[in-house]
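Good morning, and thank you for making time for this presentation. I would ask you to keep the structure open while I go through it region by region.

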Amino acid sequence: MQNRIIIKKKINHYNKKIIIPGDKSLSIRWVLISSLANGISKAKNLLMSEDVLAAIQAIRKLGVKVKINNKICKVYGVGIDGYKYKRGLSINAQNSGTLGRLLVGLLINSPYPIKIIGDKSLSKRDFNRIAKPLRKFGAHLKLKNNYTLPLTIKGSQNLKPIRYLEDKGSAQVKSSIIFAGARTYGRTLIKSKKSRDHTERLFKYLKLPIKIKNKKSFDLIEINKVKKIKPLNYKIPTDLSSCAFFIVLTTLLKNSKLTIKDVNINPTRTAILTILRKMGVKISLFNKKIYKGEQLADIFIKSPKTLKSINCPTNLNSGAIDEFLIIFLVAAKAKGISYFKNLDELNKKESPRLKWGAKILKMMGVKLILTNSSIKIYGNPNLEINKKIVIKNYLKDHRVFMTSVIAALSFGGIWTIWDPHSTRTSFPNFLKILKDLGAKIS
Ligand code: S3P
């Protein structure tokens with residue numbers, strides 16, 4: 001693959017069914033939890049992306065055997081206390097904040113210092129957000145500038161349960177604490193601002209000692225020491241965050257229809273659907289079912305005739321946190337001014353995404369007002385691009401790349417977009433699916 005792609009033509013309308021790969025959050029959680037089970041866990045439809053392969057590499061370094069054959073991944077769990085901690089261990093979380101942060105929670109009982117490193121993008125991100133609660137358990141953590149990777153964790157054999165207020169709405173922080181709490185005798189209590197709840201659902205499904213009380217804007221989570229984990233055979237549901245690019249493409253086109261099967265519609269992830277519906281898009285969910293604690297459905301979407309602007313309620317922020325870049329494109333085509341606020345977390349992702357969202361829109365000629373935590377987008381239902389646009393130096397953020405591709409295919413113009421390899425972290429066959437839908441990409 002070249003290190004840039006060129007798109008010169010909009011995509012034609014379509015009426016298709018597509019298959020989107022497995023969910024990234026669930027794939028990484030399955031790998032980590034299975035590594036500590038007593039026995040062999042098997043997964044089908046595990047997302048074969050770099051973030052998930054980095055998780056597999058990480059558990060291998062901790063002495064866990066993993067086999068991948070005929071699209072089935074087998075993890076030979078070593079039991080809750082079975083990690084082989086060695087002196088001088090270094091683990092590379094590559095681009096994955098989820099892997100880095102969740103794994104450190106599990107390393108809280110390591111007798112030796114373990115070093116966690118990451119790629120250029122991950123090495124700029126905030127790891128103090130997990131160091132703070134994990135130190136309260138009694139572990140020793142060192143960070144560069146007390147903020148970023150490389151991080152060194154040396155655990156404790158005398159862990160103490162903690163009480164913690166997680167007020168960022170970060171599922172990574174919450175899950176890291178849940179994992180550490182699962183290694184600690186006594187009751188760990190987390191008051192957590194709403195965020196995706198896959199870890200809690202997997203713990204419940206596996207009958208691990210977790211209790212959850214759902215309040216209006218917080219969840220109260222109690223976790224106790226886990227003694228044993230049963231192996232988990234799992235067919236990873238489809239990733240709604242990956243579907244989002246195709247849902248928005250269909251939204252921005254005329255006369256197109258799209259069906260996607262077996263999508264994870266966990267209510268803590270579906271804020272994109274709520275936002276698009278508020279903007280006038282008709283989206284139907286059918287064949288709803290429950291699968292091992294998660295909700296699944298087939299999604300059907302049809303291009304709308306018109307799009308309304310939105311003053312996006314902030315209680316939808318966490319549930320659409322990975323989808324805002326692509327949602328901004330919808331706002332650019334809506335009638336009226338859309339407003340998104342309290343989004344400072346967005347600048348702490350693989351790239352400063354609020355800034356990148358604004359940058360892409362500006363290059364497209366969209367009027368906007370940007371602050372550190374908000375954006376106002378002046379929509380134009382007749383938006384057409386007739387110029388050259390180049391997207392590069394964006395820290396290889398997969399979602400910046402994919403958003404730019406969708407913008408090129410729906411608004412026109414001549415786009416050169418660098419670093420297509422960035423899709424490997426979350427969605428390796430993204431361009432292939434677009435080509436199957438008729439996109440011309442060279
Ligand atoms: C994730 C949580 C979110 C999200 C990330 C995946 C997870 O991050 O942006 O892509 O799997 O827990 P934060 O928890 O930092 O908001």
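**Gly97 and its surroundings**

Leaving aside residues up to four places away in sequence, Gly97 is in contact with Leu122, Arg125 and Gln172. I should say at once that the model before you is a predicted one. Gly97 belongs to helix 3, which covers residues 97-106. Is Gly97 buried or exposed? Its relative accessibility is 5%, so Gly97 counts as buried. One further distance belongs here: the C-alpha atom of Gly97 is separated by 9.2 Å from that of Asp126, and the two residues are 29 apart along the chain.

Let me turn to the sheet of four strands. This sheet is open, its strand order is 6-7-9-8, and its pairing is mixed. Which strands stand at the edges? They are strand 6, residues 90-92, and strand 8, residues 140-144. Each has a single partner strand, and therefore one side of each is left without a neighbour in the sheet. From one strand to the next, the twist averages 20°.

Within this sheet, strand 8 runs antiparallel to strand 9, residues 148-154, and five bridges join the two. As an example of the register, Leu143 stands opposite Leu151 in strand 9. Helix 4, residues 128-136, packs on the sheet and touches both strand 8 and strand 9. The direction of helix 4 makes about 160° with that of strand 8.

Two backbone details in this region deserve attention. Between Leu149 and Pro150 the peptide bond is cis, with omega at about -5°, and Pro150 is placed in strand 9. The loop between strand 8 and strand 9 holds Asn146. Asn146 has a positive phi, near 50°, although it is a residue other than glycine. With a relative accessible area of 44%, Asn146 is partly exposed.

The next region is centred on strand 3. Strand 3 comprises residues 38-44. Strand 3 and strand 5, residues 72-78, run antiparallel and are joined by seven bridges. Here Ala43 stands opposite Cys73 in strand 5. How many bridges does strand 3 form with strand 14? There are two, and the pairing with strand 14, residues 234-235, is in the parallel sense. Lys44 has Lys235 in strand 14 as its bridge partner.

The loop between strand 3 and helix 2 contains Asn45. This is another residue other than glycine with a positive phi, in this case near 60°. Asn45 is partly exposed, at a relative accessible area of 32%. Met48 is placed in the loop between strand 3 and helix 2, the helix being residues 50-61. Met48 is partly exposed, with a relative accessible area of 35%. Together with Leu53 and Ile68, Met48 makes a nonpolar surface patch of about 220 Å². Why can Met48 be part of such a patch? Patch residues need over 30% relative accessible area, and Met48 has 35%.

I come now to the sheet of three strands. This is an open sheet in the order 1-22-21, with mixed pairing. Strand 1, residues 4-7, and strand 21 stand at its edges, and because each has a single partner strand, one side of each is left without a neighbour in the sheet. On average, with direction ignored, neighbouring strands here are turned by 10° against each other.

Strand 21 pairs with strand 22 in the parallel sense, over four bridges. Lys388 has Ile414 in strand 22 as its bridge partner. Helix 10 packs on this sheet, where it touches strand 21 and strand 22, and its direction makes about 160° with that of strand 21. Helix 11 packs on the sheet as well, touching strand 1, strand 21 and strand 22. The direction of helix 11 makes about 165° with that of strand 22.

Finally, let us consider helix 10 itself, residues 353-363. Which of its residues are buried? They are Arg353, Leu354, Trp356, Gly357, Ala358, Ile360 and Leu361. The elements against which these buried residues pack include helix 9 (324-333), strand 19 (367-370), strand 20 (375-379) and helix 11 (398-411). After helix 10 comes Gly365, whose phi is positive, near 85°.

Terms used
Residues are numbered from 1 along each chain as its sequence is written. This is a predicted model: local features need pLDDT of at least 70, side-chain atom pairs count only at pLDDT 80 or more; totals for chains, interfaces and linings use all residues. Side-chain values use heavy atoms; hydrogens and water are left out. Patches are made of residues with over 30% relative accessible area and no salt bridge: like charges are joined within 9 Å, nonpolar side chains (Val, Leu, Ile, Met, Phe, Trp, Tyr) within 5 Å. Accessible areas come from the Shrake-Rupley method with a 1.4 Å probe; for residues, only the protein chains shown count as cover. A salt bridge is a side-chain nitrogen of Lys or Arg within 4 Å of a carboxyl oxygen of Asp or Glu. Buried means under 20% relative accessible area, exposed over 50%, partly exposed in between (1.4 Å probe, protein chains only). Two strands pair if DSSP finds at least two bridges between them. Axes are lines fitted to C-alpha atoms, for helices over the stretch in contact, and angles run from 0 to 180 degrees between N-to-C directions. Contact means heavy atoms within 4.5 Å.
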